[in-house]
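Me: Got a minute to walk through a structure with me? I'd like to ask things as they come up.

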There are 2 protein chains.
Amino acid sequence: MSTIRDVANRANVCVATVSRMLNKPEMVSQSTRKRILAAMEELNYHPNEMARSLSTKRTHIIGVIIPNTSLPLFGALADAIESSCADNGYKLLLCGSRGNADKESSMMAMLLANKVDGIILCASLRNPDAYMNIDLPIVSVDRIIPNIPSVSCDNFKGGVLAARELIDSGCRYPVIVNNVPGTQTTAIMRSKGYKYECERLGYEYREIILTNEQFFDCEFDAITDAMKNPDYPVDGIFITGDTHAANLKRFCARRGLETPRDYKLIGFDGTDLMDYLDLSTISVPIVELGALAVELLIKRIEKQSVPERSLLPASLIRRSSTSKDA
Amino acid sequence: MSTIRDVANRANVCVATVSRMLNKPEMVSQSTRKRILAAMEELNYHPNEMARSLSTKRTHIIGVIIPNTSLPLFGALADAIESSCADNGYKLLLCGSRGNADKESSMMAMLLANKVDGIILCASLRNPDAYMNIDLPIVSVDRIIPNIPSVSCDNFKGGVLAARELIDSGCRYPVIVNNVPGTQTTAIMRSKGYKYECERLGYEYREIILTNEQFFDCEFDAITDAMKNPDYPVDGIFITGDTHAANLKRFCARRGLETPRDYKLIGFDGTDLMDYLDLSTISVPIVELGALAVELLIKRIEKQSVPERSLLPASLIRRSSTSKDA
DNA sequence: CACAATTTGATAACCGCTTGACAAGCGGAA
DNA sequence: TTCCGCTTGTCAAGCGGTTATCAAATTGTG
């Protein structure tokens, strides 16, 4: 592997000149530039980025902490982030946290030790303290963390859209299916939006709370039971998460319940999956979220100021699961 | 940010001792070890991995070139690879090639310049020359490249299973839907397996070739037309790729054609999507593929020898789209 | 207590590149 | 010719670690 000295020798210049040509090419004349380029070519020289980083204290690497790229939403997000990074001359160090708070912490430390220029975080939020007081630019995606700029989609608006769509499609007894309340501010905003719109339209706010395990194991009896409740026979369901919606649809189908005939169903995320299943959903602009996260992070790396909270619009994707003709 | 020298001072030892404790802890006594650890703790010291890499010539980073993590298959693969890397103390530099051969080449160069310890490649294979003659351990996933160890699933066997399943489910006129023939040896193996089994069971080998654009735009008329062909009224379809299968199912459904009534359908990949759509598929052991790729790469990094070609078993996932009761 | 074994110190070179200070060479303009 | 401005050379220190060498200090052992 050839070094900058080899190139310098080959081109009959000094190392400083080669370095200048690498970093401020306008400082070196056409003729020597050509000589140096030729030498690089001949030696197949590529500057050692490690060595560079060591002296410039800039790696042009950004770290991404994300639960799991095998989930459609996060896979798409990772892809959007990667692509934006590449467009801006940054590389991406990927960490899968699996929603494990301890892993997150150790990954933070690892990224610090590897001198990444900044971090994009999709945090579990189990231990928000871990992210604060870190002397490194951070941008959070779809999670609200004090003192850390975040980009998320307008979850409140998403909740509003979902409520309105259920009611528009003729539901009299809508319900929102939620996770056990946690620190997920985005989930809270979705609920709030949903609640706001329900009440504005004169409907009752009802929710069904499921545990993570129930979601994971598709134990949705609480929901089908609620559909048979004479006092409030649920006929419209807003479930936040496309995979959950897909699981629920299957669960119900096995019990002979079909959308839109027996109930309306709307999800949240806007993944392709919903297209195949013909399920309505609230679309999250993932590509834009990823791109904006990268943009903001780079601004912070360059010491520019960025807005503390960025909201991107959620939008309704209407499919047969919320069609009127029940 | 504190350096190794700061730690040395704080602990009243010399840098060499601190370095020893970092790299061969057994060489330093209990008592000083404690002192050093305490000093590190107090200074919140984390060794600068860049500097380390520069002198050891080992980054413990592996580069991954993959088309696009937003596709279910690659998202899952990336996740499997990341997770195995983490388990083995490696970090992952992720590159999205989007199947673009030029991007692949420049990413190769980038990874080289960043001194990754090795590369896992999911190549487009548009320019296989680019990967060869690279002085760095490489492992290829699901692509066969001369002189580069590869891990893939047993595509031949997968083709066999698909053919047998179609025929078992009662098809008289099965067909395989293929991409235009390219350099994808894995696709070739699938075809071969399919063909082998068809002929072994006394059936005719028929294929329908579609272009990438036709796949992408879901222009499947050639297939539905074939289903009406009186000479060979296609009643069973093996389409290699789950998303394609999903798209085809939708395409057919819009024309009133349903599985398993009007035709049998089997995909290839084994993604969750197929579960939701109740479609049969040949399952690729993605997690194992990722883990094995990492394992082999690490072996190569450590100068151990590895097998040139590794095959992991494909398996049939049977769902209603290939059930007999048509 | 002498001797060996273990642990630590001190120093310096090195990994490959950047950067600043300063001088020297060169050509063109006045 | 002289002076200026651009380009390049020279030199050296520094980024934060690793590692080899050798010597010195500490500890354990019989």
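Reply: Sure, here is a run through the chains, their interface, some helix contacts and a few backbone details.

Me: Before that, what sort of model is this, and how are things numbered?
Reply: This is a predicted model, where local features need pLDDT of at least 70, side-chain atom pairs count only at pLDDT 80 or more, and totals for chains, interfaces and linings use all residues. Residues are numbered from 1 along each chain as its sequence is written, chains are lettered from A and ligands numbered from 1 in the order in which they are written, and side-chain values use heavy atoms, with hydrogens and water left out.

Me: OK, what turn lays chain A on chain B?
Reply: A turn of 180 degrees with a shift of 0.0 Å along the axis does it, at an RMSD of 0.0 Å. The two copies are thus related as by a two-fold rotation axis. The superposition is by least squares on the C-alpha atoms of residues with pLDDT of at least 70 in both copies.

Me: Which residue of chain A comes closest to that axis?
Reply: Leu93(A), whose C-alpha is at 2.3 Å from the rotation axis.

Me: And how many residues are in contact between chain A and chain B?
Reply: 41 residues of chain A are in contact with 41 residues of chain B, contact meaning heavy atoms within 4.5 Å. 100% of the interface residues of chain A are also interface residues in chain B, so the copies meet through the same surface.

Me: What's the area buried between chain A and chain B?
Reply: About 3700 Å², with carbon and sulfur atoms giving 61% of that. Met50(A), Leu94(A) and Tyr276(A) supply 20% of what chain A buries against chain B, more than any other three residues. Buried area here is the accessible area (1.4 Å probe) that two parts lose on being put together, summed over both.

Me: How many salt bridges are there between chain A and chain B?
Reply: Six between chain A and chain B, while the structure holds 28 over all chains. The criterion is a side-chain nitrogen of Lys or Arg within 4 Å of a carboxyl oxygen of Asp or Glu.

Me: Which side chain does Arg98(A) meet in a salt bridge?
Reply: That of Asp79(B), at 2.8 Å from N to O. Glu82(A) forms a salt bridge with Arg98(B), with the closest N and O atoms 3.7 Å apart. Glu82(A) lies in helix H5 (residues 72–87) of chain A and Arg98(B) in the loop between strand S2 (91–96) and helix H6 (101–113) of chain B, so the pair joins two chains. Helices (H or I, at least four residues) and strands (E, at least two) are DSSP runs, numbered from the N terminus.

Me: Switching topic: at what angle do H2(A) and H3(A) cross?
Reply: The axes of H2(A) (residues 15–23) and H3(A) (residues 30–43) cross at roughly 95 degrees and come within 11 Å. H2(A) and H3(A) are therefore roughly perpendicular. Thr17(A), Val18(A), Met21(A) and Leu22(A) of H2(A) make the contact with Arg33(A), Ile36(A), Leu37(A) and Met40(A) of H3(A).

Me: Remind me what the angle cut-offs are?
Reply: Under 35 degrees is roughly parallel, over 145 roughly antiparallel, 65 to 115 roughly perpendicular and the rest oblique. Axes are lines fitted to C-alpha atoms, for helices over the stretch in contact, and angles run from 0 to 180 degrees between N-to-C directions.

Me: Last topic: which peptide bond in chain A is cis?
Reply: The one from Thr259(A) to Pro260(A), with omega near -10 degrees. Pro260(A) lies in the loop between helix H11 (242–253) and strand S9 (264–269) of chain A. In chain B, the bond from Thr259(B) to Pro260(B) is cis, with omega near -10 degrees.
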